[in-house]
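Here are some short exercises to work through with the model open in your viewer. Try each task before reading its solution.

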Amino acid sequence: MNIIIAGAGAVGSHLAKMLSSENHDITVIENDRDRLRNVGSAFDILSLEGNASSIGILKEAKIKKADIFIAVTQSESVNVASAILAKELGAAKTIARIDNQEYLFPANREMFQKKGIDYMIYPEMIAAKEIVGLLSHAGMSDVVDFSGGRLHLYAFRLDEKAPIINKTLIEISDPDDVLEYRAVAITRKEKTIIPRGNDKFLEGDMVYVITNKGGVNNLLRYTGKENIEVRNIMVMGGSRIGVRTAQDLGDQHYVKLIEIDREKSYRISNHLDNALVINGDGTNVDLLNQEGLSKMDAFIAVTGNSETNILSCLLARKMGVKKTIAEVENMDYISLSENIGIDTIINKKLIAAGRIFRFTMSSEVAIIKCLTGTEAEVMEFVAKQDSPITKSSLRDMDFPKDAIIGGVVRGNSSFIANGDTMIKPNDRVVVFSLPGSVGSVGKFFN
Amino acid sequence: MLNTRMIVNILGFLLVIEGLFMFLSIPVTLIYGESDFTVFLISGGITILIGGISWFFTRDAQKNLYRREGYIIVTLGWLLFSLFGTLPFIISGSIPSFTNAFFETMSGFTTTGASILDDIESLSHGILFWRSITQWIGGMGMIVLSLAILPLLGIGGMQLFIAEVPGVTYDKLHPRIRGTAARLWLIYIIFTVSEIILLWIAGMDVFDAVCHSFTTMATGGYSTKQASIAYWDSPFIQYIIIVFMIVAGTNFTLSYFALHFRFDKVYNNEEFRYYIGFIFVFTLIIGLGLFMSLDLNPEEAFRISLFQVVSIITTTGFITSDYLSWISVLGVFIFFLMFFGGSAGSTGGGVKIMRVVLLIKNSALELKRLIHPNAVIPVRFNHQLLDSQITTNVLAFISFYLIIIVISMLGMSALGYDLDTSLGAVTTCIGNIGPGFGEVGPAFNFNHVPDIGKWFLSFLMMVGRLEIFTVLVLFSPNFWKK
């Protein structure tokens, strides 16, 4: 597939890396020479220096032959303008990153669609939604819902209390039981494996499990974690993510938002009436104690600075906060910060990349999510009529070794897949895949 | 931590390719009814066997390659290629001495064209064919070839490409490195085949046409005749070879655009204009000198001058007239030309036109900078501002180039050679040209150089072909620091 990415910022370069390893032809347009050199020398892509909203540059990037044009520069107006131009010049599909919620209202979205922007993505808003979702499963590190909540992927870290430590997958499965969950992946020391029957769980593992609705409570029993009721929340940083999160949580929770900039905190408090805005330095321990940090159930650090977020989460953890969430934009810090005890990492790049990645798949993909803490992706496919996946039982199929089918949603029911499962057309299938196999997995559903 | 297994894996694969190329000589020996087809069967067999084993037992290696691995693979790759490339020469007995065979093969792969052979015509067709093939592979580069056919290298491929095709800037013809490599080889093959056909029409027999096309497009300079191109006293053949030498010395990216009828890109390319300009000016000067000093008609003077200028500036090294027999000032001009080299991204060696032009431009601007100490005066090339990083890189390249020449020249004179010979031998080897001056001039060869000198010159050829940094970086302590 021919893909043009405008902007080699954090999201753009992550997309370039991901898509080029999936054998797509990538052209990256960027006007900052240093950034361009960084992506150009690190990944197998064609780099083009210039402004993405210039017609000449778009033509030079062979926009006519582009299957997807992705505008993810820093500037919203460049993204919108270049996406419209790209469509006009012949790109098949266009995606633009925005930072204005207004654009996403259905009527406005339609207007943009008419103008040529097929999909708009607002990473900060999605991040806020994810944070809110996570707080209702505070024991888990990550939660992804599929098919409107009929299947879930949970990620959790095994601490020394977990009863399943040092047991194999076979030992913990109950042969008479109807399968309610399935461990699809284990991340251990920054490597992700797809566990087979004889693999053991070890302390410190990050385990990814697919469950159907009924399986959640059993799962908690195995992990040794209890479901924490979250009432008091402290949000550090009045960034877009912070404000949106506070807004969404404010009605059911008691939320305190800390912002260092005085002007900004006034502005925030002006339109945030269901949360308490505090003007102060979030790294100041006295201030945090005064505001009752130790009584908090959750601490969410979403300042623009990854280091500050990580350190303040560690501090909160030391003070006894049970759930900590940090926004970490530096990819290299992600696994590090998970290992030192931060429960959940939020990363805008991965969020945006996952949403955009979906468009590059030839098969029908309802959801694709890039997980933090592992390079793997989890996807929900819709099995097409006569696609290879429907031809035989999973056991007899030559399915890629680096991928595993977790669960299936058929009509209103959902179940966990095993070797005997036969996929039927129109089933929604949840697949966990290591990078590099996503393309070949997709072929099974096409 | 170096990814040793992956390095072995790729080197193994490269050897398998080399072995397959050796097999190409088998049909040639059969056509000419020569008995040495077993030579190529054995050489190719050994090479494929060793390569195949290394490749097979490391096939589960981690695929990630970084810059350091890239430099090691490329340097070792060229060494191994030359090492195994000696097999046909040694097994057939045509070059019994290992040192000589290595010199000849390295000179082939690096497209230098300096030879130790006294009597080229006495060799069998198979061996002559293998000799030309080494240049043809070396011209575009075996890494580029393997990138075109090897699917596995994504990001790692970039590192290899940068190490083998260093250039000043990188032009990709296609978003994927594999697509770029495949297009480069395709253009290379198209040009080679066209030249074969034209030379054949002009009266060469098929075998000579193929061999000379291989060595022209590679800007190599190996001939199947002792007298080189002068053997064919045909203006038509000489003009054909001139045209293809010019093409081979042009950036292949431009050829790609030309083949797609985007001539504006070619015409507006600053390096190409300078390249053609240099050829024009030097041809005029030398042609005029020849016309006045020798008894030649104007066309002959022009043709001899053009042929020799193009042959030297593109670092091919074909000879139609011994420039040492001209009046000495013209010979000095030829020596001067040896420093230019082809365009960046061509198969030519030397310093490369782009670096020469950048050096001149930057030095001229330095005067302006002295007068306006606070002014921002960047170097422009192709209507674009150049990063000061690129200028620094070019300056470092040229400094290294000259330093290596001076030190090596001292070494050569320690072996008992005079100034002409030492300087000529060193310049021609690092520039991958072929003929030198003095006792290694066009009328002589390198056979009389002592063994140690041959090894050293072989090393210089590799340093020159890989544009200095790729090899020299391995000698930097920083490279090996953990």
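Keep in mind throughout that this is a predicted model.

**Exercise 1.** Find out how the two faces of strand 8 of chain A are covered.

*Solution.* Start with one side of the strand: Leu151(A), Leu153(A), Ala155(A) and Arg157(A) are all buried there. Now turn to the other side, where His152(A), Tyr154(A) and Phe156(A) are buried as well. Both faces are therefore covered, and because seven of the seven residues in this strand (151-157) are buried, strand 8 of chain A is largely enclosed by the rest of the structure.

**Exercise 2.** Identify the strands joined to strand 8 of chain A and give the direction of each pairing.

*Solution.* First take strand 7 of chain A: five bridges join it to strand 8, and the two run antiparallel. These two strands form a hairpin with four residues between them. In the turn, look for Ser147(A), which has a positive phi of about 45°. Next take strand 11 of chain A (residues 206-212), which is joined to strand 8 by seven bridges, again antiparallel. For a landmark, use Arg157(A), whose bridge partner in strand 11 is Met206(A).

**Exercise 3.** Decide whether Val143(A) is buried or partly exposed, and describe its surroundings.

*Solution.* Begin by locating Val143(A) in strand 7 of chain A, which spans residues 142-146. Then count neighbours: 19 other C-beta atoms lie within 10 Å of Val143(A). Being buried takes 20 or more, so Val143(A) is partly exposed. Across the hairpin, Val143(A) stands opposite Tyr154(A) in strand 8. Apart from neighbours within four places in sequence, its contacts are Gly133(A), Leu134(A), His137(A), His152(A) and Tyr154(A). Finally, look further along the chain: Leu371(A) is 228 residues away in sequence, with a C-alpha to C-alpha separation from Val143(A) of 9.7 Å.

**Exercise 4.** Work out the strand order of the open six-stranded sheet in chain A and place helix 1 against it.

*Solution.* Reading across the sheet gives the order 3-2-1-4-5-6, with parallel pairing. At the edges are strand 3 (46-49) and strand 6 (119-121), each pairing on one side only. From one strand to the next, the twist averages 15°. Now zoom in on strand 1 (residues 2-6), which five bridges join to strand 2 (residues 25-30); here Asn2(A) stands opposite Asp25(A). Last, add helix 1 (residues 10-21), which lies across strands 1, 2, 4 and 5 of chain A and runs at about 165° to strand 2.

Notes
Residues numbered from 1 in each chain as written. Chains lettered and ligands numbered in written order. Predicted model: local features only at pLDDT ≥ 70, side-chain atom pairs only at ≥ 80, totals over all residues. Pairing = 2+ DSSP bridges. Axes fitted to C-alpha atoms, helices over the stretch in contact; angles between N-to-C directions. Contact = placed C-beta atoms within 7 Å. Buried ≥ 20, exposed ≤ 12 C-beta atoms within 10 Å, placed from the backbone.
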